[in-house]
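Me: I would like a close look at one part of this protein, the contact between two of its helices. Please then place that part within the rest of the chain.

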Amino acid sequence: MATNTTQEQQSAAGRHQEVGHKSLLQSDALYQYILETSVYPREPEPMKELRELTAKHPWNLMTTSADEGQFLNMLLKLINAKNTMEIGVYTGYSLLATALALPDDGKILAMDINRENYELGLPVIRKAGVAHKIEFKEGPAMPVLDKLVEDEKNHGSYDFIFVDADKDNYLNYHKRLIELVKVGGLIGYDNTLWNGSVVAPPDAPLRKYVRYYRDFVLELNKALAVDPRIEICMLPVGDGITLCRRVK
Ligand SMILES: C[S@@+](CC[C@H](N)C(=O)[O-])C[C@H]1O[C@@H](n2cnc3c(N)ncnc32)[C@H](O)[C@@H]1O
């Protein structure tokens with residue numbers, strides 16, 4: 001019995017070391033503990049509904065995790081965010097976490113190339129009474145950002161920007177977003193630990209998409225670390241989120 005338990009523990013530890021593991025914590029049990037003790041019992045009903053609806057979708061791997069949703073919600077309240085932006089919506093879990101945190105006259109410019117997935121979550125967002133805070137734009141984010149940057153009055157106008165989309169464009173987004181976020185405001189880049197692959201050896205058996213985007217994530221992390229316009233904090237929440245506070 002004792003041997004079995006030890007073997008199970010060892011094999012769980014081994015599994016955890018596989019590259020591509022979802023949780024960055026010491027064990028699955030520890031992550032489950034966080035979810036069950038402090039996240040699920042406090043998760044607002046609409047977020048639970050959206051999470052369960054999204055779990056049935058074939059691309060559910062893309063959704064923001066419940067603990068990260070809780071973190072974003074708290075963060076937005078702490079900074080009194082009012083004017084925000086999100087790049088990469090999918091079915092809207094992080095969007096709903098944001099919308100619920102903002103005051104009634106708060107705003108989110110939300111962009112995604114896929115409207116269909118957003119529309120799956122939209123009835124839940126409407127039911128939660130926060131849809132009026134969201135302006136959804138279908139299409140690639142870059143041209144929208146270029147347009148915003150063209151107009152001086154948008155400069156320094158965002159309190160918070162969450163980026164959770166095409167990783168190969170994060171550095172290009174950063175060039176524009178740094179103009180749009182206010183001094184003292186935050187940009188959050190998601191997936192900056194990229195399934196743990198940022199520390200994988202070159203011959204590690206990575207899934208194709210993980211391997212493809214890894215170099216872009218590594219390049220982003222290096223660039224953010226030396227960017228004098230921001231202070232940064234990389235958190236092992238979800239798949240890794242780097243918070244960048246604009247200081248100049
Ligand atoms: C990881 S998912 C976003 C997850 C979402 N934040 C959530 O809470 O469920 C990434 C999303 O980025 C979108 N995307 C990919 N390329 C994009 C682009 N160039 N512009 C805008 N959105 C894009 C995809 O369609 C996808 O829905």
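Reply: On the α3 side, the residues that make the contact are Pro46, Met47, Leu50, Arg51 and Thr54, and they meet Tyr93, Leu96 and Ala97 in α5. Sorted by class, this contact between α3 and α5 has six nonpolar residues, one polar and one charged. The model is a predicted one, and what follows is computed from it.

Helix α3 covers residues 45–55 and helix α5 covers residues 93–101. Their axes come within 10 Å and cross at roughly 175°. An angle over 145 degrees counts as roughly antiparallel, and α3 and α5 are therefore roughly antiparallel to each other.

Two of the α3 residues in this contact also serve as reference points for other parts of the chain. Pro46 is 81 residues from Lys127 along the chain, yet their C-alpha atoms are separated by 7.8 Å. Lys127 belongs to helix α6, which spans residues 115–127. Lys127 counts as partly exposed because it has 13 C-beta neighbours inside 10 Å, and a residue is called exposed at 12 or fewer.

Arg51 gives another such pair. Arg51 and Leu243 are 192 residues apart in sequence, and their C-alpha atoms are 24 Å apart in space. Leu243 lies in strand β7, residues 241–246. Leu243 has 19 C-beta neighbours inside 10 Å and so counts as partly exposed, since buried begins at 20. Leaving aside residues up to four places away in sequence, Leu243 touches Leu186, Gly188, Ile232, Cys233 and Leu235.

On the other side of the contact, α5 also takes part in the surroundings of the ligand. There are 20 residues around the ligand, of which Thr64, Gly88, Tyr90, Ser94 and Ala165 come nearest. The elements that give two or more residues to this shell are α5 and β2, the latter being residues 107–112. By class, the shell has ten nonpolar, seven polar and three charged residues.

Tyr90, one of the nearest residues to the ligand, is found in the loop between β1 (83–87) and α5. Tyr90 is buried, because 22 other C-beta atoms lie within 10 Å. Its backbone has a positive phi of about 55°, although Tyr90 is not a glycine. Asn191 is also not a glycine and has a positive phi, of about 70°. The loop that holds Asn191 runs between β5 (181–190) and α9 (208–225). Asn191 is buried, with 21 other C-beta atoms within 10 Å.

As for the whole, the protein has nine helices and seven strands. Its radius of gyration is 19 Å, close to the 18 Å that the globule rule gives for 248 residues, so the protein is as compact as a globular protein of that length. Taken along the principal axes, the C-alpha atoms fill a box of roughly 65 × 40 × 30 Å. Buried residues are 37% of the 248. Among contacts with a separation of 6 or more, 72% are between residues 24 or more positions apart.

To return to the part requested, α3 and α5 are roughly antiparallel, and α5 is also one of the elements that give two or more residues to the shell around the ligand.

Technical notes. Residues are numbered from 1 along each chain as its sequence is written. This is a predicted model: local features need pLDDT of at least 70, side-chain atom pairs count only at pLDDT 80 or more; totals for chains, interfaces and linings use all residues. Helices (H or I, at least four residues) and strands (E, at least two) are DSSP runs, numbered from the N terminus. Axes are lines fitted to C-alpha atoms, for helices over the stretch in contact, and angles run from 0 to 180 degrees between N-to-C directions. Angles under 35 degrees count as roughly parallel, over 145 as roughly antiparallel, 65 to 115 as roughly perpendicular and the rest as oblique. Two residues are in contact if their C-beta atoms, placed from the backbone, lie within 7 Å. Ala, Val, Leu, Ile, Met, Phe, Trp, Tyr, Cys and Pro count as nonpolar, Asp, Glu, Lys and Arg as charged, and the others, Gly among them, as polar. A residue is near a molecule or strand if its C-beta atom, placed from the backbone, lies within 6 Å of it. The radius of gyration is taken over C-alpha atoms; the globule rule is 2.2 Å times the number of residues to the power 0.38.
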